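Work through the exercises below with the sequence and the model open side by side. Try each task before reading its solution.

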Amino acid sequence: MKLPKIVQAGDPVLRTAASPVPPEMIGTRKLKDLVATMVEVMRKAPGVGLAAPQIGVGLQIMVLEDAEALMGKLSTEDREIRGRAPFPLTAIVNPTLLSLGGSVASPGGAGRATFFEGCLSVSGYMALVERDLRVEVSGLDPDGEPVHWVAEGWPARILQHEVDHLRGTLYVDRMLTRSLCSNDEAQRWIGKPVAEVRAALGV
């Protein structure tokens, strides 16, 4: 089966709030096939998350997965700074997201963190984006079973990014605009302290 292309910024489907998946679709082969297609597209890209609007489907569905192979270029220190750790494939239908502020490890902290972020639907670019450190997401899996996930660090960032897609929002709406750069140019900044990047780019 030929996989659908990833929709790029400029397509109205990315700027329209996705519709809830209707109850009669939950648990059906049609929904499971759609989720399976989304997973294939995400892994082929490769990416760590994909929302249904990114393949032109205006429904509240997202798939996420962060595998060890995708973070191989990051040092142990960079992983710790980002709070990045592998997590298994997860599909969430009709998600709701709640900010929980700071991380468990640093209660009372700022509750937000700024890092470079990219998007499969804004191909070739990335920018600094501030996100909540800790979130709670609830929804259903494709079979209709409840999903509840309290996430922090990088998984929390991925969840916020994908839920944004379902609301018609792209990371470019939240980015620190002066930090926008091509993926090639961004290589000079990846791994450097965010404060240094902000100072160099006048952010």
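The exercises start with confidence, then move through strands, helices, rings and single residues.

**Exercise 1. Confidence**

Task: State the mean pLDDT of the protein and find where pLDDT stays under 50.

Solution:
- Step 1. This is a predicted model.
- Step 2. The mean pLDDT of the protein is 93. Of its residues, 96% reach 70 or more.
- Step 3. Residues 104-109 are where pLDDT stays under 50. For this stretch the model has three contacts beyond four places in sequence.

**Exercise 2. The five-stranded sheet**

Task: Give the strand order of the open sheet of five strands, and name its edge strands.

Solution:
- Step 1. The order is E1-E2-E3-E6-E7, and the pairing is antiparallel.
- Step 2. Look for strands that pair on one side only. These are E1 (49-51) and E7 (146-152), the edge strands.
- Step 3. From one strand to the next, the twist averages 40°.
- Step 4. Now take one pairing in detail. E2 (residues 61-66) and E3 (residues 87-101) run antiparallel and are joined by five bridges. Asp-66 stands opposite Phe-87 in E3.

**Exercise 3. Helices on the sheet**

Task: Which strands do helix H1 and helix H3 touch, and what angle does each make with E2?

Solution:
- Step 1. H1 (residues 29-44) packs on the sheet and touches E1, E2 and E3. Its direction makes about 40° with that of E2.
- Step 2. H3 (residues 154-166) also packs on the sheet. H3 touches E1, E2, E3, E6 (134-140) and E7. The direction of H3 makes about 155° with that of E2.

**Exercise 4. Strand E5 and its partners**

Task: Why is strand E5 described as largely enclosed, and how many bridges pair it with E4?

Solution:
- Step 1. Count buried residues. E5 (residues 125-132) has eight residues and six of them are buried, so the rest of the structure largely encloses this strand.
- Step 2. E4 (residues 112-118) pairs with E5 over seven bridges, in the antiparallel sense. Ala-113 stands opposite Arg-131 in E5.
- Step 3. E4 and E5 form a hairpin, with six residues between them. In the turn, Gly-124 has a positive phi of about 95°.
- Step 4. E5 is also joined to E8 by two bridges, and these strands run antiparallel. Ser-182 in E8 is the bridge partner of Tyr-125.

**Exercise 5. An aromatic pair**

Task: Classify the ring pair of Phe-87 and Trp-149 as stacked, tilted or edge-to-face.

Solution:
- Step 1. The structure holds two aromatic pairs. In the pair of Phe-87 and Trp-149, the centres are 5.1 Å apart and the planes make 65°.
- Step 2. Planes over 60 degrees apart count as edge-to-face. The pair is therefore edge-to-face.
- Step 3. Phe-87 lies in E3 and Trp-149 in E7, so the pair ties together parts 62 residues apart in sequence.
- Step 4. Check burial. Phe-87 counts as buried at 10% relative accessibility. Trp-149 counts as buried at 17%.

**Exercise 6. Three residues compared by accessibility**

Task: Buried, partly exposed or exposed: assign Arg-82, Thr-169 and Lys-192.

Solution:
- Step 1. Buried means under 20% relative accessible area, and exposed means over 50%.
- Step 2. Arg-82 has 14% relative accessibility, so this residue is buried. Arg-82 is in helix H2 (residues 76-82). Beyond four places in sequence, its contacts include Phe-115, Trp-154 and Ile-190.
- Step 3. Thr-169 is buried at 18%. Its place is the loop between H3 and E8 (181-182). Apart from neighbours within four places, Thr-169 contacts Leu-14, Arg-15, Asp-164 and Arg-174.
- Step 4. Lys-192 is partly exposed at 38%. Lys-192 sits in the loop between H4 (183-186) and H5 (194-201).

**Exercise 7. Backbone details**

Task: Where is the cis peptide bond from Ala to Pro, and what is phi of Asn-94?

Solution:
- Step 1. The bond from Ala-45 to Pro-46 is cis, with omega near -10°. Pro-46 lies in the loop between H1 and E1.
- Step 2. Asn-94 has phi near 50°, a positive value in a residue other than glycine.
- Step 3. Asn-94 is in strand E3. Its relative accessible area is 21%, so Asn-94 is partly exposed.

Key
Residues numbered from 1 in each chain as written. Predicted model: local features only at pLDDT ≥ 70, side-chain atom pairs only at ≥ 80, totals over all residues. Heavy atoms only, no water. Helix = DSSP H or I, 4+ residues; strand = E, 2+ residues; numbered from the N terminus. Buried < 20%, exposed > 50% of the residue type's maximum accessible area, 1.4 Å probe, protein only. Contact = heavy atoms within 4.5 Å. Pairing = 2+ DSSP bridges. Axes fitted to C-alpha atoms, helices over the stretch in contact; angles between N-to-C directions. pLDDT = per-residue confidence, 0-100. Phe/Tyr/Trp six-rings, centres within 6.5 Å; stacked < 30°, edge-to-face > 60°.
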